[in-house]
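Dear colleague,

Please find below the structure that I am handing over to you. My findings follow beneath it, arranged by topic.

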Amino acid sequence: ADETLKLWYVSGGDCLKTLQGHNDSVLSVAFSPDGSTVVSGSADETLKLWSVSGGECLKTLQGHGNWVNSVAFSPDGKTVVSGSDDKTVKLWSVSGGECLKTLQGHTGSVFSVAFSPDGRTVVSGSSDNTLKLWSVSGGECLKTLQGHGKWVYSVAFSPDGRTVVSGSGDKTLKLWSVSGGECLKTLQGHINSVLSVAFSPDGNTVLSGSGDNTLKLWG
């Protein structure tokens, strides 16, 4: 919320660089697959691409009409996806900085976006209580995943790309089939909104973080 990004050494915990340039809260950050670039999304309605080595802002990506809540790099590092309070998902060229596609269909804020491991599909979670699967090449909505009773705050693909996990204000996580679109499992145990979800690298475990001040590991 101080409008900056910081790069930190993992081993020592020291701050390596402070990246300045946004003029409102920074809501989401992600490394490129090769680790050379960081993308940030901000309440100032922009995304910025930053050099990790130099710390300078390489590009400012403009086009959203409201807060940029979530950003992610494609597996090949050539594209960035963003989700916004303007109800859209946007795909951006990393090299040129231009908006390649605007994915429209949600009727509420888009809180979370993620690329599939093969880079062909994007998943988004929204305050309209749904997830959507999108074709990266065509830009069309492939499936709408319905079942949550409140806002979907966080989404993630499994490492094999066959499953999506979502976390919601309805206090549950759900596991979804990418191919069929059906809900495979509902994970219950949190007593407040589930705000963040992630798969382990082997795909066997899910981690969730909640407004109930706990994290849970699910097998």
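Two residues are in contact when heavy atoms of theirs lie within 4.5 Å. Please bear in mind throughout that this is a predicted model.

**A buried serine**

The definition of contact applies first to Ser 124, a residue of strand E12 (residues 121-126). Leaving aside neighbours within four places in sequence, Ser 124 is in contact with Val 89, His 106, Val 110, Ser 112, Val 113, Thr 130, Leu 131, Lys 132, Trp 134 and Val 155. Is Ser 124 buried or exposed? Its relative accessible area is 0%, and because buried means under 20%, Ser 124 counts as buried. One of its contact partners, Val 113, stands 11 residues away along the chain, with a separation of 4.4 Å between the two C-alpha atoms.

**The chain as a whole**

The protein chain has 21 strands and zero helices. Its radius of gyration is 17 Å, close to the 17 Å given by the globule rule for 219 residues, so the chain is as compact as a globular protein of that length. Along the principal axes, the C-alpha atoms fill a box of roughly 45 × 40 × 30 Å. Of the 219 residues, 53% count as buried. Among contacts in the chain with a separation of 6 or more, 37% are made by residues 24 or more positions apart.

**The largest pocket**

How much space lies in the largest pocket? The value is about 460 Å³. The lining of this pocket is made up of 25 residues, and those nearest its centre are Ala 72, Phe 73, Val 113, Ala 114 and Phe 115. Val 113 is thus both a lining residue of the largest pocket and a contact partner of Ser 124. At least two lining residues come from each of strand E3 (26-31), strand E7 (68-73), strand E11 (110-115) and strand E15 (152-157). By residue class, the lining of the largest pocket comprises 18 nonpolar, seven polar and no charged residues.

**The second largest pocket**

The second largest pocket holds about 210 Å³ of space. Its lining consists of Thr 4, Leu 5, Lys 6, Leu 7, Trp 8, Leu 16, Val 26, Val 29, Ala 30, Phe 31, Val 38 and Val 52. Strand E1 (4-8) and E3 each supply at least two of these residues, and E1 gives the largest share, namely five residues. E3 also supplies at least two residues of the lining of the largest pocket. The lining of the second largest pocket divides into 10 nonpolar, one polar and one charged residue.

**Aromatic pairs**

How many aromatic pairs does the count give? The count comes to three. Ring pairs link Phe 111, Trp 151 and Tyr 153 into a cluster.

**Residues with positive phi**

Most residues other than glycine have a negative phi. Two residues call for comment in this respect. Glu 45 is not a glycine, yet its phi is positive, at about 80 degrees. The residue is placed in the loop between strand E4 (37-42) and strand E5 (46-51), and Glu 45 is partly exposed, with a relative accessible area of 32%. Asn 213, likewise a residue other than glycine, has a positive phi near 75 degrees. Its loop joins strand E20 (206-210) and strand E21 (215-218), and Asn 213 is exposed, with a relative accessible area of 74%.

**Two further positions**

Ser 53 is found in the loop between E5 and strand E6 (57-62). With a relative accessible area of 64%, Ser 53 is exposed. The C-alpha atoms of Ser 53 and Asn 66 are separated by 30 Å, although the two residues are 13 residues apart along the chain.

Trp 176 belongs to strand E17 (residues 172-177). At 1% relative accessibility, Trp 176 counts as buried. Between Trp 176 and Val 71 there are 21 Å in space, C-alpha to C-alpha, and the two are 105 residues apart in sequence.

With kind regards

Terms used
Residues are numbered from 1 along each chain as its sequence is written. This is a predicted model: local features need pLDDT of at least 70, side-chain atom pairs count only at pLDDT 80 or more; totals for chains, interfaces and linings use all residues. Side-chain values use heavy atoms; hydrogens and water are left out. Helices (H or I, at least four residues) and strands (E, at least two) are DSSP runs, numbered from the N terminus. Buried means under 20% relative accessible area, exposed over 50%, partly exposed in between (1.4 Å probe, protein chains only). On a 1 Å grid over the protein atoms alone, a cavity is a set of points where a 1.4 Å probe fits but cannot get out, and a pocket is an open set with protein on both sides within 12 Å along at least five of seven lines; lining residues have an atom within 4 Å of a point. Grid points are joined across faces, edges and corners, and a volume is the space filled by probe spheres set on the points. Ala, Val, Leu, Ile, Met, Phe, Trp, Tyr, Cys and Pro count as nonpolar, Asp, Glu, Lys and Arg as charged, and the others, Gly among them, as polar. Rings of Phe, Tyr and Trp (its six-membered ring) pair if their centres lie within 6.5 Å; planes under 30 degrees apart count as stacked, over 60 as edge-to-face and the rest as tilted. The radius of gyration is taken over C-alpha atoms; the globule rule is 2.2 Å times the number of residues to the power 0.38.
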